[in-house]
Amino acid sequence: MSILRLEDLKQYSDVLRSRQGEPLNVRFVEPGDTEELQHYFRSLSTRSRYNRFFGALSELPKGLLSEFLDIGARERFTVVATKMVDGFETIVAEARYAFHVETSTLEFGLSVDDRWQGHGIATALLKNLECRAAALGAEHIFGDTLRSNQTMISLARKSGFAFVNHPDDWKLVRFDKEIHVAPKDIPCASWRLAALSRQADSPSASA
């Protein structure tokens, strides 16, 4: 059962900073983002799309697009990182994550617009995903990437992830990190509050 109040997703927006100090708004994707989200994926380089989806896609197929926009279904969520570019809110990165209750793990994938790579956006977004994982009660956060994707491998290594062989596909490598932060110590304010609320509502919470 989700800890989120899905009728008011805007309260879970976060403001991050790029390496240059530029503000980035990270929020759940909304139905009105449909065209902008497709434009984002179409604008990625062929290599970036291949690294993100492990295959040759030119855009999100209709079914996958629908899944990206269906926030909370089966504990799956999509977030976008946006910044103002020429007066317009522009998607510069995205991430999709799923909370697996049975294993207390959070699985994620992310991408950054080629024009904005090298600005520290992926690092900031990954730290935000760790906050979300902690708030949901995850004990591990993990992702999969192609063995050839040195950019993602370098990011995961610098972020403290350990690497293991992928259980199903030799072309992929899995990176995993334990979550050791208590709800009151989660650095992202909105997710700290969500975690404390979950803790208070838990049947095992002390009176």
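This report walks through the pockets, the nonpolar core and the aromatic pairs of the structure above.

A word on ground rules: this is a predicted model, where local features need pLDDT of at least 70 and side-chain atom pairs count only at pLDDT 80 or more, while totals for chains, interfaces and linings use all residues. Residues are numbered from 1 along each chain as its sequence is written, and side-chain values use heavy atoms, with hydrogens and water left out.

**Empty space**

Rolling a probe the size of a water molecule over the atoms shows where empty space is left. Here a 1 Å grid over the protein atoms alone is used: a cavity is a set of points where a 1.4 Å probe fits but cannot get out, and a pocket is an open set with protein on both sides within 12 Å along at least five of seven lines. Lining residues have an atom within 4 Å of a point. Points are joined across faces, edges and corners, and a volume is the space filled by probe spheres set on them.

The largest pocket holds about 1000 Å³ of space. It is lined by 42 residues, and Arg52, Gly109, Leu110, Ser111 and Met152 are the closest to its centre. Elements giving two or more residues to that lining include α2 (46-53), β5 (105-112), α4 (121-136) and α5 (150-158); helices (H or I, at least four residues) and strands (E, at least two) are DSSP runs, numbered from the N terminus. By class, the pocket lining has 15 nonpolar, 17 polar and 10 charged residues. In this scheme Ala, Val, Leu, Ile, Met, Phe, Trp, Tyr, Cys and Pro count as nonpolar, Asp, Glu, Lys and Arg as charged, and the others, Gly among them, as polar.

As for closed space, there is 1 cavity of 30 Å³ or more. The largest cavity has a volume of about 30 Å³, and its lining is Leu9, Lys10, Ser13, Arg27, Phe28 and Glu30.

**The core**

The largest nonpolar core has 54 residues, with Leu37, Tyr97, Phe108 and Trp191 making the most contacts inside it. Such a core is a set of buried Ala, Val, Leu, Ile, Met, Phe, Trp, Tyr and Cys residues joined through side-chain atoms within 4.5 Å. Buried means under 20% relative accessible area, exposed over 50%, and partly exposed in between (1.4 Å probe, protein chains only). Helix α4 gives the most to this core, with 11 residues.

Ala122 sits in α4 and counts as buried at 18% relative accessibility. Beyond its neighbours within four places in sequence, Ala122 is in contact (heavy atoms within 4.5 Å) with Leu110, Val112 and Leu155. Leaving out the same kind of neighbours, Phe108 touches residues including Tyr97, Met152, Phe161 and Phe175.

**Aromatic pairs**

Rings of Phe, Tyr and Trp (its six-membered ring) pair if their centres lie within 6.5 Å; planes under 30 degrees apart count as stacked, over 60 as edge-to-face and the rest as tilted. That gives 13 aromatic pairs, two of which are tabulated here.

| Pair | Ring centres | Planes | Type |
|---|---|---|---|
| Phe28 and Trp191 | 6.3 Å | 80° | edge-to-face |
| Phe161 and Phe175 | 5.5 Å | 85° | edge-to-face |

Phe28 is in strand β2 and Trp191 in helix α6, so their pair ties together parts that are 163 residues apart in sequence. Phe28 is buried at 2%, and Trp191 is buried at 1%. Ring pairs also link Tyr12, Phe28, Phe77, Tyr97 and Trp191 into a cluster.
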